[in-house]
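Trainee: Before we discuss this model, could you put it on display and take me through the strands and helices in turn?

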Amino acid sequence: MPIRVLIVDDQEPFRAVARTVVEMTDGFEVVGEAESGEDSVTRAHELNPDLVLMDVNLPGINGLEATRQILADHANGTPVVVLVLSTYEAAEYGPQAEEVGAAGFIPKSEFSPERLADAWSAASVAS
Ligand SMILES: [Mg+2]
């Protein structure tokens, strides 16, 4: 069973990059995309992804608040892992991402199949 991924980003060019990275990563598939924080909460509820790749800066509620809501929504259901991605460095949002329950933080410039697979392994070991 492939790991089902929901991509959340307000910028179409980055969603395209993220799609390519996910498709290049063995064992992962994209099941959906969202362009806003609110939309990501709805999509995560409908699609039940294994993994959400969450941008921080989004219109409406930001990615940190959306992460908090998605994890709360899944608290009594199927587990979901959220990885936060941002153009900013880890020092900026890493601690806040951890605080809302995200499994990890990846700077967008470093996002690659290796980083994705490593972050997923780390999250799976932790849970
Ligand atoms: Mg953004």
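Mentor: We should begin with a term: a residue is called buried if 20 or more other C-beta atoms lie within 10 Å of its own. Keep in mind as well that this is a predicted model.

Trainee: With that cut-off, how many of the residues of β4 are buried?
Mentor: Take the two directions in turn: Val 81, Leu 83 and Leu 85 point one way from β4, while Val 82, Val 84 and Ser 86 point the other way, and all are buried. In a regular strand the side chains alternate between the two faces of the sheet. β4 is thus mostly covered, and the number of its residues that are buried is six of six.

Trainee: Which residue of β5 is the bridge partner of Val 84?
Mentor: Strand β5, residues 104-107, pairs with β4 in the parallel sense, and four bridges connect the two. Within β5, the bridge partner of Val 84 is Phe 105.

Trainee: Why can β3 be described as largely enclosed by the rest of the structure?
Mentor: On one side of β3 lie Leu 51, Leu 53 and Asp 55, on the other Val 52 and Met 54, and all of them are buried. Strand β3 (residues 51-55) is therefore largely enclosed by the rest of the structure, the count of its buried residues being five of the five.

Trainee: What is the handedness of the crossover from β3 to β4?
Mentor: The two strands pair in the parallel sense over five bridges, and Val 52 has Val 82 of β4 as its bridge partner. Between β3 and β4 the chain passes through helix α3, residues 63-73, and this β-α-β crossover is right-handed.

Trainee: Which element gives the most residues to the largest nonpolar core?
Mentor: This core holds 34 residues, and those touching the most other members are Val 52, Leu 53, Met 54, Val 82, Leu 83 and Val 84. The element that gives the most to this core, with five residues, is β4.

Trainee: What arc around the axis of α1 do its buried residues Ala 18, Val 21 and Val 22 cover?
Mentor: An α-helix has 3.6 residues a turn, so residues three or four places apart point the same way. In α1 the residues Ala 18, Val 21 and Val 22 are buried, whereas the face turned away from the buried side carries exposed residues, including Glu 12, Thr 20 and Glu 23. The three buried residues lie on the same side of α1, because the arc they cover around the axis is only 95°.

Terms used: Residues are numbered from 1 along each chain as its sequence is written. This is a predicted model: local features need pLDDT of at least 70, side-chain atom pairs count only at pLDDT 80 or more; totals for chains, interfaces and linings use all residues. A residue is buried if 20 or more other C-beta atoms lie within 10 Å of its own, exposed if 12 or fewer, and partly exposed in between; C-beta atoms are placed from the backbone. Two strands pair if DSSP finds at least two bridges between them. A crossover is right-handed if, with the strands pointing away from the viewer, the path from the first strand over the helix to the second runs clockwise. A nonpolar core is a set of buried Ala, Val, Leu, Ile, Met, Phe, Trp, Tyr and Cys residues joined through C-beta atoms within 7 Å. The arc is that of the directions from the helix axis to the C-beta atoms.
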